[in-house]
Amino acid sequence: MTNVNPNFVLMVEDLTVSFDGFKAVNGLSFEVEPNECRVMIGPNGAGKTTVLDLICGRTRATSGSVRFKGKELLTMREDQIVLAGVGRKFQTPSVYEDLSVFENLELSYPRGHSVFGSLFFRRDAEVKTRIAEIAETIFLADLLDEKAAFLSHGQKQWLEIGMLLIQDPELLMLDEPVAGMSVAERKKTAELLNRIIDHRSVIVIEHDMGFVEDIATRVTVLHQGQTLSEGSMERVKNDPKVIEVYLGH
Ligand code: ADP
Ligand code: MG
């Protein structure tokens, strides 16, 4: 029996998944603290995306434990994990192109949880205020009526982050959010993430080392499904093992 530490938002212990005998994630353990931005780096195929798939219930683990605020996630369904407060953004943006920024955010607003338990309980003003707040956070306040199709790639990524934020997750997981973004957009995304962790924890997979340096509380270097190195960016960057298998290339 291991102890549940209430100071951790997420506790991953001995997490393993085997695909036909190949262990894509192999005995991985790490913890995420409140207000932490944990960045996961590592070579292609290291198992980074699979770790997020396991946490959000998209892929079933072979063994191990993933506890979110003390609650075991590995036995829960994907939708239950979302409701528990874990949001996940995939690599490619999936916004509704034909809908406006406002409508995309509106669709993501959690419904049906009013005290009256009624889906018909109207709270338009509350929804609008929340959408305005989120739009401000994701730099899209002036583009609420714009069709998503006309947004830049970076703006679409922000919109998708907004669609997760509106559900108010306590843990947000982002897979390569700045891939394909301009330098200016990367800077703004770093600013956005630094704002987000005032209220929640984040796990980010990323390759751009400048960006990682701007956002990371701690870094986990994954290699062949295992932790190769972990700690501050400074520590990890100077770890000879990391230089050999990852940064050296
Ligand atoms: P990363 O995101 O670090 O680049 P992935 O987590 O996508 O790596 O993949 C890790 C390894 O697991 C790769 O070798 C990949 O081919 C394999 N893999 C991932 N998902 C599956 C799956 N559903 N079935 C079989 N193999 C998979
Ligand atoms: Mg990946």
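Me: Why is Cys-37 not joined to the closest cysteine sulfur by a bond?

Reply: A disulfide is defined as a pair of cysteine sulfur atoms within 2.5 Å. The sulfur of Cys-37 lies 18 Å from the closest cysteine sulfur, that of Cys-56, and is therefore too far away for a bond. The structure holds zero disulfides. This is a predicted model, in which local features need pLDDT of at least 70 and side-chain atom pairs count only at pLDDT 80 or more, while totals for chains, interfaces and linings use all residues. Residues are numbered from 1 along each chain as its sequence is written, chains are lettered from A and ligands numbered from 1 in the order in which they are written, and side-chain values use heavy atoms, with hydrogens and water left out.

Me: Why is Cys-37 called buried?

Reply: Buried means under 20% relative accessible area, exposed over 50%, and partly exposed in between (1.4 Å probe, protein chains only). Cys-37 has a relative accessible area of 1%, so it is buried.

Me: What makes Cys-56 count as buried?

Reply: Its relative accessibility is 6%, and therefore Cys-56 counts as buried.

Me: What makes the approach of Lys-48 to ligand 1 a polar contact?

Reply: A polar contact is a pair of N or O atoms within 3.5 Å; within protein, one must be able to donate a hydrogen and the other to accept it, and residues adjacent in sequence count only if both atoms are side-chain atoms. A polar side-chain atom of Lys-48 lies 2.8 Å from an oxygen atom of ligand 1. For Thr-50, an N or O atom in the side chain is 2.5 Å from an oxygen atom of ligand 1.
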